[in-house]
Amino acid sequence: MKHVGKRGKLAYLVRYDLAMGFFSNRAKFVVAFACITALAAMFLSAIDAAARYAEAMGMGESSAGFGLVDVLAYFFAGSDYCRPDESVPFVLPIGWLIQQVLVAVLVGNYTVRDLDGQAFQVLVRVGARQAWWLSKCLWVAATVIAFYAAEVVVALIATAALGGFGAMGDVEAVGVLGFSLSALGGSHLAFLLLLPFALSLALSLAQVALSVVAGPFIAFVAIVSFVVVSVYFGSPLLIGDCSMMMRSAFVQPGGVDVTVAFAVCAAVCAVSVTLGGLAFGRRDLVGGQDRAS
């Protein structure tokens with residue numbers, strides 16, 4: 001492999017990681033798909049309850065159905081900020097949290113778990129730590145894309161089977177999501193539906209970079225803890241909740257500025273890739289000898 005250029009080495013490693021990474025994660029993806037399906041079932045139950053409540057209260061008949069955006073909005077809605085001084089109780093966004101944990105589980109320990117085994121032999125054969133690290137980062141991006149693609153697939157199936165590609169009415173939307181989608185413009189919806197992917201990618205790259213330094217378990221605990229703390233405190237310094245649609249400035253005054261959130265996610269991605277690459281470049285793989293150089 002030493003006669004192959006940098007692009008050739010990177011392409012070889014990317015093919016290896018996509019094959020080995022997804023194969024090793026096959027059971028995790030089955031669990032993730034089952035959890036996403038359960039979230040879709042929760043949406044169906046919630047919209048049915050909202051429609052029945054609206055009819056019972058004389059708020060008008062329910063809408064003709066629901067669409068893809070409605071299901072995805074339920075996945076990404078989250079909850080309002082935790083405000084202890086107010087009488088309204090805080091509702092923990094269980095469904096939203098489940099998705100964050102699933103992504104962290106999928107990223108897991110693949111990057112560093114078998115450096116002493118076959119992956120180390122591949123690294124020695126290629127002889128390029130930088131390409132190895134960039135390939136792992138691309139695998140992380142592919143994993144995040146696959147997760148959200150699975151959510152879109154489940155949402156499409158639910159919409160085609162039961163929703164009729166309609167749209168929730170305002171009454172149902174407020175009951176299911178906590179806010180109305182009709183008040184949001186198309187560009188606003190596009191930003192809000194893309195932000196969860198951007199946040200997951202940023203947190204996943206940070207998780208992988210941290211796993212190189214502290215190990216995959218500590219990295220997993222750190223990322224999940226960061227997300228949970230963000231849910232409760234809602235500080236600008238804690239971006240773990242920025243993908244919740246309900247906390248967006250498009251939905252409530254003083255909420256998350258989507259443009260700033262995207263910029264911060266991009267910065268976290270860049271810093272994670274850079275620092276993770278530096279940490280891996282300094283990592284002692286075999287008794288103080290850099291066999292990959």
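How many residues does helix 7 have, and how far does helix 7 reach from its first C-alpha to its last? Keep that in mind while we take in the whole chain; what you have open is a predicted model.

**Stop 1: the whole chain.** Show everything as a cartoon and colour by secondary structure. You will find 11 helices and zero strands, so to speak an unbroken α run from the N terminus on. The chain has 293 residues, and 45% of them count as buried. Among contacts with a separation of 6 or more, 78% are between residues 24 or more positions apart. Switch on the surface if you like: about 14,000 Å² is exposed, with 67% of that supplied by carbon and sulfur atoms.

**Stop 2: helix 7.** Now select residues 129–163. Here is the reply to the opening question: helix 7 has 35 residues and spans 49 Å between its first and last C-alpha, close to the 51 Å expected at 1.5 Å a residue. Step on to G164, which follows helix 7 and has a positive phi, near 70 degrees.

**Stop 3: a nonpolar patch.** Next, select L92, I94, I98, V228, V229, Y232 and F233, and show their side chains. Together these residues make a nonpolar surface patch of about 580 Å². Colour helix 4 (94–107) and helix 10 (216–233) too, since each supplies at least two residues of the patch. Helix 10 gives the largest share, with four residues.

**Stop 4: I94.** Finally, centre on I94, which lies in helix 4. Is I94 buried, partly exposed or exposed? Its relative accessible area is 46%, so I94 counts as partly exposed, the class between under 20% and over 50%.

Notes: Residues numbered from 1 in each chain as written. Predicted model: local features only at pLDDT ≥ 70, side-chain atom pairs only at ≥ 80, totals over all residues. Heavy atoms only, no water. Patch = residues over 30% accessible without salt bridge, like charges linked within 9 Å, V, L, I, M, F, W, Y side chains within 5 Å. Areas by Shrake-Rupley, 256 points an atom, 1.4 Å probe, with all protein chains shown as cover. Salt bridge = Lys/Arg side-chain N within 4 Å of Asp/Glu carboxyl O. Buried < 20%, exposed > 50% of the residue type's maximum accessible area, 1.4 Å probe, protein only. Expected span 1.5 Å × (residues − 1). Contact = heavy atoms within 4.5 Å.
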